[in-house]
Amino acid sequence: DTDDVNEVLSLLIQEGFIDEVRFAKAYCGGKFRQKKWGRKKIIQELKKKQISDYCIKKGLEEILEKDY
């Protein structure tokens with residue numbers, strides 16, 4: 001039922017399970033460490049996924065300057 005779906009989605013957002021910032025942080029950290037992607041490639045791919053500039057900025061904070 002559509003109402004049930006909307007209720008579950010709302011609950012997941014409230015509890016932080018669906019969170020654009022959380023996704024961006026996990027994506028940036030993972031792609032940098034696992035695939036050795038640079039910042040430009042990560043930014044490009046996040047923009048393809050229509051992630052906001054604010055969330056991209058927060059996500060890139062996961063990449064420490066000394067590690068880069």
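**Close-up views of the predicted model**

**View 1. Lys58 is partly exposed, with a relative accessible area of 26%.** The model shown here and in the following views is a predicted one. Lys58 pairs with Glu61 in a salt bridge, in which the closest N and O atoms are 3.9 Å apart. Glu61 is likewise assigned as partly exposed, its relative accessible area being 44%. Because a salt bridge is counted when the side-chain nitrogen and the carboxyl oxygen lie within 4 Å, the pair at 3.9 Å qualifies. In total, four salt bridges are counted in the model.

**View 2. Asp53 and Lys47 are joined by a salt bridge between their side chains.** The N to O distance is 2.9 Å. Asp53 is exposed, at 53% relative accessibility, whereas Lys47 is partly exposed, at 45%. Side chains of opposite charge can pair when their charged atoms come close.

**View 3. Within helix H3, Glu45 forms a salt bridge with Lys48.** The closest N and O atoms of Glu45 and Lys48 are 3.3 Å apart. The two residues are separated by three positions, about one turn of the helix. Glu45 is buried, with a relative accessible area of 16%, while Lys48 is exposed, with a value of 57%. Because under 20% relative accessible area means buried and over 50% means exposed, the two partners fall into those respective classes, Glu45 at 16% and Lys48 at 57%. Beyond its neighbours within four places in sequence, Glu45 is in contact with Tyr27 and Trp37.

**View 4. The largest nonpolar core of the model is made up of 12 residues.** Its members are Ala24, Tyr27, Cys28, Phe32, Trp37, Ile42, Leu46, Ile51, Cys55, Ile56, Leu60 and Ile63. At least two residues of this core are supplied by each of helix H2 (20-35), helix H3 (39-48) and helix H4 (53-60). H2 provides the largest share, four residues. Ile51, one of the core residues, touches Glu20, Phe23, Ala24, Leu46 and Ile56 when residues up to four places away in sequence are not counted.

**View 5. Cys28 and Cys55 belong to the largest nonpolar core, and the disulfide count of the model is zero.** Cys28 is in no disulfide, the nearest cysteine sulfur being that of Cys55, 10 Å away. For Cys55, in turn, the nearest cysteine sulfur is that of Cys28, and Cys55 is in no disulfide either. Because a disulfide is counted when two cysteine sulfur atoms lie within 2.5 Å, a distance of 10 Å does not meet the criterion. Both side chains are classed as buried: Cys28 has a relative accessible area of 0%, and Cys55 has a relative accessibility of 6%.

**View 6. Val5, Leu9, Ile13, Phe17 and Ile18 make a nonpolar surface patch of about 470 Å².** Leu9 is located in helix H1, which spans residues 2-14. Leu9 is partly exposed, with a relative accessible area of 38%. Because nonpolar residues enter a patch when their relative accessible area is over 30%, Leu9 at 38% passes this cut-off.

**View 7. Lys36 occupies the loop between H2 and H3.** At 67% relative accessibility, Lys36 is classed as exposed. Lys36 and Tyr68 are 32 residues apart in sequence, and their C-alpha atoms are 9.6 Å apart in space.

How values were computed
Residues are numbered from 1 along each chain as its sequence is written. This is a predicted model: local features need pLDDT of at least 70, side-chain atom pairs count only at pLDDT 80 or more; totals for chains, interfaces and linings use all residues. Side-chain values use heavy atoms; hydrogens and water are left out. A nonpolar core is a set of buried Ala, Val, Leu, Ile, Met, Phe, Trp, Tyr and Cys residues joined through side-chain atoms within 4.5 Å. Buried means under 20% relative accessible area, exposed over 50%, partly exposed in between (1.4 Å probe, protein chains only). Contact means heavy atoms within 4.5 Å. Patches are made of residues with over 30% relative accessible area and no salt bridge: like charges are joined within 9 Å, nonpolar side chains (Val, Leu, Ile, Met, Phe, Trp, Tyr) within 5 Å. Accessible areas come from the Shrake-Rupley method with a 1.4 Å probe; for residues, only the protein chains shown count as cover.
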